[in-house]
Amino acid sequence: MSHLLGLKGITFYYPSSERPVFEDMDFELAEDERVGLIGPNGCGKTTLLKICVGSLKPTKGLSLIHI
């Protein structure tokens, strides 16, 4: 099974914050998998999506998209 999306060791800080939104996070999504992101306001859902599509660069780690 080929992976469509992979996050390896993602850490992300907004410049105005001393706390990371994510710290050393790994995630893999296969091409035939579907997921939903749920959680309260401000927990990092949009930040995660922006990292996945390249709108934000992680402070540390890699975001990999297999095309």
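In this predicted model, strand S2 and helix H1 each give at least two residues to the lining of the largest pocket. That pocket holds about 170 Å³ of space. Its lining is made up of Leu 5, Met 25, Phe 27, Leu 29, Val 35, Gly 36, Leu 37, Leu 48, Leu 49 and Cys 52. Sorted by kind, the lining has nine nonpolar residues, one polar residue and no charged ones.

**The core**

In soluble globular proteins, nonpolar side chains tend to be buried together. The largest nonpolar core here consists of nine residues: Leu 5, Leu 7, Ile 10, Phe 12, Phe 22, Leu 29, Leu 48, Ile 51 and Cys 52. Two or more of these residues come from each of strand S1 (3–12), strand S2 (22–30) and helix H1 (45–53). S1 gives the largest share, four residues.

Phe 22 belongs to this core. Setting aside neighbours within four places in sequence, Phe 22 is in contact with Ile 10, Thr 11, Phe 12, Gly 44, Thr 47, Leu 48 and Ile 51.

**Helix H1**

Which residues of H1 are buried? They are Thr 47, Leu 48, Ile 51 and Cys 52. Viewed down the helix axis, the buried residues of H1 lie within an arc of 140 degrees, so they line one face of the helix. On the face turned away from this buried side are the exposed residues Thr 46 and Val 53. Just after H1 comes Gly 54, with a positive phi of about 90 degrees.

Thr 47 sits in H1. Its relative accessible area is 7%, and Thr 47 is therefore counted as buried, since buried means under 20%. Leaving out residues up to four places away in sequence, Thr 47 touches Phe 12, Tyr 14, Val 21, Phe 22 and Leu 56.

Lys 45 is also found in H1. It counts as partly exposed because its relative accessibility is 24%, a value in between the limits of 20% for buried and 50% for exposed. With residues up to four places away in sequence not counted, Lys 45 touches Leu 37, Ile 38, Gly 39 and Pro 40. One of these, Leu 37, is also in the lining of the largest pocket. Between the C-alpha atoms of Lys 45 and Ser 63, which are 18 residues apart along the chain, the separation is 15 Å.

**Asp 24 in strand S2**

Asp 24 is found in strand S2. Is Asp 24 buried or exposed? It is exposed, because its relative accessible area is 51% and the cut-off for exposed is over 50%.

Most residues other than glycine have a negative phi, and most peptide bonds are trans. The phi of Asp 24 is near 55 degrees, which is a positive value in a residue that is not glycine.

Apart from neighbours within four places in sequence, Asp 24 is in contact with Gly 9, Ile 10 and Thr 11. Ile 10 and Asp 24 are 14 residues apart in sequence, and their C-alpha atoms are 4.9 Å apart in space. Ile 10 is one of the residues of the largest nonpolar core.

**Three residues side by side**

The table repeats the accessibility values given above.

| Residue | Element | Relative accessible area | Class |
|---|---|---|---|
| Asp 24 | strand S2 | 51% | exposed |
| Lys 45 | helix H1 | 24% | partly exposed |
| Thr 47 | helix H1 | 7% | buried |

Key
Residues are numbered from 1 along each chain as its sequence is written. This is a predicted model: local features need pLDDT of at least 70, side-chain atom pairs count only at pLDDT 80 or more; totals for chains, interfaces and linings use all residues. Side-chain values use heavy atoms; hydrogens and water are left out. A nonpolar core is a set of buried Ala, Val, Leu, Ile, Met, Phe, Trp, Tyr and Cys residues joined through side-chain atoms within 4.5 Å. Buried means under 20% relative accessible area, exposed over 50%, partly exposed in between (1.4 Å probe, protein chains only). Contact means heavy atoms within 4.5 Å. On a 1 Å grid over the protein atoms alone, a cavity is a set of points where a 1.4 Å probe fits but cannot get out, and a pocket is an open set with protein on both sides within 12 Å along at least five of seven lines; lining residues have an atom within 4 Å of a point. Grid points are joined across faces, edges and corners, and a volume is the space filled by probe spheres set on the points. Ala, Val, Leu, Ile, Met, Phe, Trp, Tyr, Cys and Pro count as nonpolar, Asp, Glu, Lys and Arg as charged, and the others, Gly among them, as polar. The arc is that of the directions from the helix axis to the C-beta atoms.
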